[in-house]
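Hi everyone, thanks for making time this morning. I'd like to walk you through one structure, and please do stop me if anything is unclear.

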Amino acid sequence: MGTDTVSLRDELKEKISQIVTGLRNLRDEGQFNEPNLDGTAGDYVSFDSWEWPQGVGLYGIAQLWLQTGDAEARSILENWYEKQLSLGLPSQNVNTTAPMLALSILWQQTRDSRWEPVLDDWANRLIAEAPRTTSGGFQHDVSDKINNGELWDDTLFMLALFLASYGQASGRKDLIEEAKFQFLVHTHYLCEPETGLWFHGWTFDGHHNFARARWARGNSWISAGILDLIELADLDAATRRYLLWVVKAQLSSLIDYQTKNGTWHTLVDDPTSYEEISATSAIGYALLKGYRLGLGPESWKTAGQKALHAVLGNIDSNGVVQQVSYGTRMGHDLEFYKNIPLHPTGYGQSMALLCLVEALNHMAE
């Protein structure tokens, strides 16, 4: 094995450790005031808060554990969930479902009796009670806002992956079927046939795609999410074939918009918008993983490696991933996306983690 390969592997392992530390050290410093509908304070930064950025962060740690057997990663997960359950869970919505994904993986691997009742209750309430649009797609309600009649691409990563994962772990085919349907109905309303790229959202109030924003992180939720879906749950051949075509078309289009730095702009097709690292991480992850699974050509690997090096260049000495756009609501014009502030987040840490761990798989090969 070449010296360069050994050097990169060592760098990846060091950066992975730093990213996990950086994630655990994230704290809300009061920069954003986002109260929840129930009057409680919203915290979308601190690691100890039960919300979607933390949920995505936990998923990255769970994948680190699955891929490498890292005992500390398992311990972090178990301690986090034990503490959160002792405090009591928040109200259920699309975004507060996100932490359930890593918990379902933890339970699938350990069968620890502490976790199954929590997972089962949450899944049952989602199916029976979660608001839906007229299409049957889950309405993207969040902790501080009801989004009547709206479908967002975020929903698939925050909610549908949990249903697929827990459905597979528990043998509940009804949950897997629901996850499949959500991916299919969201594809119908959000995927742009001409390009394979995805719009951020759709509303049944007026029947339109808002600003028609080809938002980079939204696209990355899809590219990473579809490839993870096919590993989290057993899909029927037709659904698997269809979704793999969707993600192949998307990734082939995304490569055309990659910058010379290896990144993607926060609006994929707008070079005047800033380069954004959470999306770059997850798209890079999908390209590398897709190539490893034999789904795409050598150009996928090359583009994935360019993205990887861009991500490595944006991890500071404290393990905090920089150049990450803050949580993004639905924009009604494209300028909205260009004005989202940059701020370290749990999902930024996690998406970088996914990219680096996938790169380790290529080192193994």
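I'll talk about three helix pairs first, and then about the empty spaces.

One thing to keep in mind throughout is that this is a predicted model.

Let's start with helix H2, residues 52–68, and helix H4, residues 99–110. Their axes come within 6 Å and cross at roughly 25°. With angles under 35 degrees counted as roughly parallel, that crossing makes H2 roughly parallel to H4. The crossing of H2 past H4 is left-handed. If you want to find the contact on screen, look on the H2 side for Gly55, Leu58, Tyr59, Ala62, Gln63, Trp65 and Leu66. Facing them from H4 are Pro99, Leu101, Ala102, Ile105, Leu106, Gln109 and Thr110. Which classes of residue make up this contact of H2 with H4? There are 10 nonpolar and four polar residues, and no charged ones.

Now to helix H8, residues 216–232, which packs with H10. Here the axes come within 8 Å, and the angle is roughly 35°. This crossing of H8 and H10 is left-handed. H8 brings Ala216, Arg217, Ser220, Ser223, Ala224, Leu227, Asp228 and Glu231 to the contact. From H10 we get Ser278, Ala279, Ala282, Ile283, Tyr285, Ala286, Lys289 and Gly290. By class, the contact of H8 with H10 has eight nonpolar, four polar and four charged residues.

The third pair is helix H7, residues 173–190, with helix H9, residues 237–255. They pack at about 40°, and their axes are 11 Å apart. H7 and H9 are therefore oblique to each other. H7, too, passes H9 in a left-handed crossing. In this contact, Lys180, Phe183, Leu184 and Thr187 of H7 meet Thr239, Tyr242, Leu243 and Val246 of H9. That contact of H7 with H9 splits into five nonpolar, two polar and one charged.

So much for packing; on to the spaces.

How much space lies in the largest pocket? About 500 Å³. It has 30 lining residues, and those nearest the centre of the pocket are Pro90, Ser91, Asn93, Thr96 and Ser143. Helix H3, residues 71–87, and helix H5, residues 116–129, each give at least two residues to this lining. The classes in the lining of the largest pocket are 13 nonpolar, 11 polar and six charged.

As for enclosed space, there are two cavities of 30 Å³ or more. The largest cavity has a volume of about 210 Å³. It is lined by 14 residues, with Trp52, Asn95, Gly327, Thr328 and Arg329 closest to its centre. Six of the residues in the lining of the largest cavity are nonpolar, four are polar and four are charged.

The second largest cavity holds about 60 Å³. Which residues line this second largest cavity? They are Gln63, Gln67, Glu231, Tyr285, Lys289, Arg292, Leu354, Val357, Glu358 and Asn361. You may recognise a few names: Gln63 is in the contact of H2 with H4, while Glu231, Tyr285 and Lys289 are in the contact of H8 with H10. H2, helix H10, residues 277–292, and helix H13, residues 346–364, each supply at least two of the lining residues. The largest share, four residues, comes from H13. By class, the lining of the second largest cavity has three nonpolar, three polar and four charged residues.

That's my tour, and I'm happy to take questions.

Terms used
Residues are numbered from 1 along each chain as its sequence is written. This is a predicted model: local features need pLDDT of at least 70, side-chain atom pairs count only at pLDDT 80 or more; totals for chains, interfaces and linings use all residues. Side-chain values use heavy atoms; hydrogens and water are left out. Axes are lines fitted to C-alpha atoms, for helices over the stretch in contact, and angles run from 0 to 180 degrees between N-to-C directions. Angles under 35 degrees count as roughly parallel, over 145 as roughly antiparallel, 65 to 115 as roughly perpendicular and the rest as oblique. A crossing is left-handed if the near helix is turned anticlockwise from the far one by less than a right angle, and right-handed if clockwise. Contact means heavy atoms within 4.5 Å. Ala, Val, Leu, Ile, Met, Phe, Trp, Tyr, Cys and Pro count as nonpolar, Asp, Glu, Lys and Arg as charged, and the others, Gly among them, as polar. On a 1 Å grid over the protein atoms alone, a cavity is a set of points where a 1.4 Å probe fits but cannot get out, and a pocket is an open set with protein on both sides within 12 Å along at least five of seven lines; lining residues have an atom within 4 Å of a point. Grid points are joined across faces, edges and corners, and a volume is the space filled by probe spheres set on the points.
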